Amino acid sequence: MSSLGVELHIEDNHVIMDNGIVQVTLSNPGGIVTGIQYKGIDNLLEVVNEEANRGYWDLVWSETGSIGTTGTYDRIVGTKFTVIVESEEQVEISFTREWNHDDKNIPLNIDKRFVMLRNSSGFYSYAIYEHLKEWPAFNLPQTRITFKLRKEKFQYMAIADNRQRNMPLPDDRLPERSQILNSDFPEAVLLVNPIEPQYKGEVDDKYQYSCENQNLRVHGWICKDPHVGFWQITPSDEFRSGGPLKQNLTSHVGPICLAMFLSAHYSGEDLVLKLKSDEPWKKVFGPVFIYLNSSSDAKDSSPLWEDAKKQMMTEVKSWPYEFPASSDFPTSKQRGNVSGRILVRDSFVSDDHILGDGAYVGLAPPGDVGSWQRDCKGYQFWTRADENGYYSINNIREGNYNLYSWVPGFIGDYRYGVAINITPGCDIQLGDLVYEPPRDGPTLWEIGFPDRTATGFYAPDPNPKYINKLYVNHPDRFRQWGLWERYAELYPKEDLVYTIGTSDYSKDWFFAQVTRKKDDGTYQGTTWKIKFQLDNVSQTKTHKLRVALATANIAELQIRVNDSNADTPLFTTGVIGHDNAICRHGIHGLYRLYSINVPGTLLAKGDNTVFLTQAMSTSPFVGIMYDYIRLEAPSSSTSA
């Protein structure tokens with residue numbers, strides 16, 4: 001490790017940070033990362049690209065009232081460069097772009113910061129976005145940092161222990177070498193004539209490498225000669241939207257490495273940040289760490305990956321960092337802590353309180369029950385409870401929050417009824433909090449396990465023509481392209497029928513209720529049947545059907561009981577969702593829970609059938625994924 005101090009060199013058009021280990025060059029005053037020098041490689045970034053297209057912050061925005069998740073693309077180029085800190089221990093530099101009413105840019109003041117520390121094998125970046133109260137309204141669907149690496153060097157990608165592989169080249173995605181599989185989603189291509197023949201017949205799609213926030217701490221690329229790793233480390237989720245289960249892009253063919261802060265992926269417009277004209281707002285995104293490492297063993301990539309994970313843990317333990325110079329980033333002493341225990345009360349499962357083993361517990365901006373999964377303006381702080389339900393959330397920014405929770409194995413969401421005010425240095429102990437999940441009566445039958453995903457259901461083998469070799473015999477088999485097409489192959493004439501007591505949801509319940517393609521090329525909705533028997537039925541009492549959805553995309557779920565031809569369904573969701581989890585290989589999107597009263601007059605002693613109709617049929621990608629379904633006996637029942 002170098003013992004040299006950090007040096008800052010300012011030129012007319014560039015600024016260079018150098019600590020003897022890494023040298024980073026940025027445009028002046030734009031703040032675009034144009035070069036990263038490390039271990040004898042003059043530039044890790046793609047030198048054939050224009051300087052403005054190598055390493056940069058960007059965003060997508062639209063005018064208020066706009067619909068959807070698209071808008072104007074804006075690569076954020078600063079107009080003023082400022083030295084914030086310059087010493088042998090640390091250099092922090094700022095590239096700002098201020099808004100005025102003559103601008104056509106997004107109405108934000110943006111301050112991009114870059115930090116290099118002594119003896120650090122990398123550099124940090126964060127940014128402060130600010131909207132003043134009197135400024136115009138707008139929508140912000142996305143913001144991130146993008147790095148584009150040299151394609152001839154970085155060809156091995158790693159995003160998890162079991163999600164690593166050699167990757168195709170960007171040239172392989174060119175029209176003469178690939179085939180777009182669906183014009184509505186051009187990200188997915190079939191490699192028909194790749195430069196490296198080993199990739200022929202594979203599907204490449206950046207969404208196959210998405211990851212939940214809770215698991216998205218480190219990812220990146222490895223160069224084999226010299227043996228060097230480029231890693232993006234995100235030590236905290238506090239500034240990312242949508243909570244711990246929100247899925248984001250990571251790395252993909254380019255080679256491209258992303259730090260996603262705000263996106264509508266796997267959620268749709270529900271996670272588009274919408275600021276009003278009279279709404280002041282400020283948020284700090286980051287810091288994130290760009291970590292570089294090297295190894296002498298060019299034949300084995302695992303030491304670089306293991307070292308990157310070790311560095312990630314170091315960064316996580318160091319959060320919140322002490323070094324950021326902006327007063328908008330509070331230190332640990334300026335933050336507070338909350339602790340307690342989550343218990344579950346469900347008398348139909350246990351006479352005693354149930355320990356909230358593995359409960360997700362978080363502080364997020366005040367809102368309705370479950371509103372955290374749609375929040376994108378504020379900060380969120382999440383943890384997992386231990387096997388006894390105890391949790392501790394540390395280093396929470398000052399402000400007002402609600403405490404939210406949900407417990408795997410139980411449906412629904414919990415919200416603590418009292419707002420929590422975090423002040424610097426506070427240590428709030430909430431004691432035992434008891435969550436009572438929705439429940440009217442004992443379980444007559446259930447399908448699935450409530451964990452907000454469709455993971456436990458049947459995901460088929462992919463069509464051999466559309467394979468990503470990484471996901472062959474992989475736990476994430478749902479990430480293969482085109483699995484929705486397999487439904488009609490498995491059920492060519494009749495839709496899925498599930499018989500309680502006989503069927504096995506891991507084998508007999510398809511992971512997504514999708515459309516069926518007809519011979520004329522159009523699509524039709526599908527109706528699934530749940531067959532079950534009841535020993536006794538009271539005409540005057542009401543059963544309860546609980547339906548938890550893991551995702552929905554331009555879908556309408558209609559429920560009928562014992563009469564599939566009833567003109568009016570017992571229940572309909574209406575048209576819901578723009579999650580796009582089906583086409584983008586996610587196993588969940590936004591969580592939705594419905595509780596439906598089933599009058600005894602609709603049920604019969606003996607055989608019964610619940611009909612689940614997904615009525616929308618505009619494309620192969622509309623549909624729903626179930627998380628869990630349960631039928632409860634009337635509340636006065638004593639046994640199932």
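What follows is a short tutorial chat about reading salt bridges and buried arginines in a predicted model.

Me: Before we start, what kind of model is this, and how are residues numbered?

Reply: It's a predicted model, where local features need pLDDT of at least 70, side-chain atom pairs count only at pLDDT 80 or more, and totals for chains, interfaces and linings use all residues. Residues are numbered from 1 along each chain as its sequence is written, and side-chain values use heavy atoms, with hydrogens and water left out.

Me: How many salt bridges are there?

Reply: A salt bridge here is a side-chain nitrogen of Lys or Arg within 4 Å of a carboxyl oxygen of Asp or Glu. By that rule, the count is 36 salt bridges. One of them joins the side chains of E279 and K377 at 2.8 Å, N to O. E279 sits in the loop between strand 23 (273–275) and strand 24 (281–294), and K377 in the loop between strand 27 (360–364) and strand 28 (381–384), so the pair ties together parts that are 98 residues apart in sequence. Strands (E, at least two residues) and helices (H or I, at least four) are DSSP runs, numbered from the N terminus.

Me: Is E279 buried or exposed?

Reply: Buried means under 20% relative accessible area, exposed over 50%, and partly exposed in between (1.4 Å probe, protein chains only). E279 has 19%, so it counts as buried, while K377, at 26%, counts as partly exposed.

Me: Which residues are linked in a network of salt bridges?

Reply: That network links D440, K544, R546, R630 and E632.

Me: What does R97 make a polar contact with?

Reply: A polar contact is a pair of N or O atoms within 3.5 Å; within protein, one must be able to donate a hydrogen and the other to accept it, and residues adjacent in sequence count only if both atoms are side-chain atoms. The side chain of R97 makes one with the side chain of D74, at 2.7 Å. R97 lies in strand 8 (residues 90–97) and is buried, at 7% relative accessible area.

Me: And R163: what is its nearest side chain of opposite charge?

Reply: For charge, Lys and Arg count as positive and Asp and Glu as negative; His and the chain ends are not counted. For R163 that side chain is D476, 4.2 Å away, and R163 is buried yet has no salt bridge. There is a polar contact of 3.1 Å between the side chains of R163 and Y471. The backbone oxygen of S210 also lies 2.9 Å from a polar atom of the R163 side chain.
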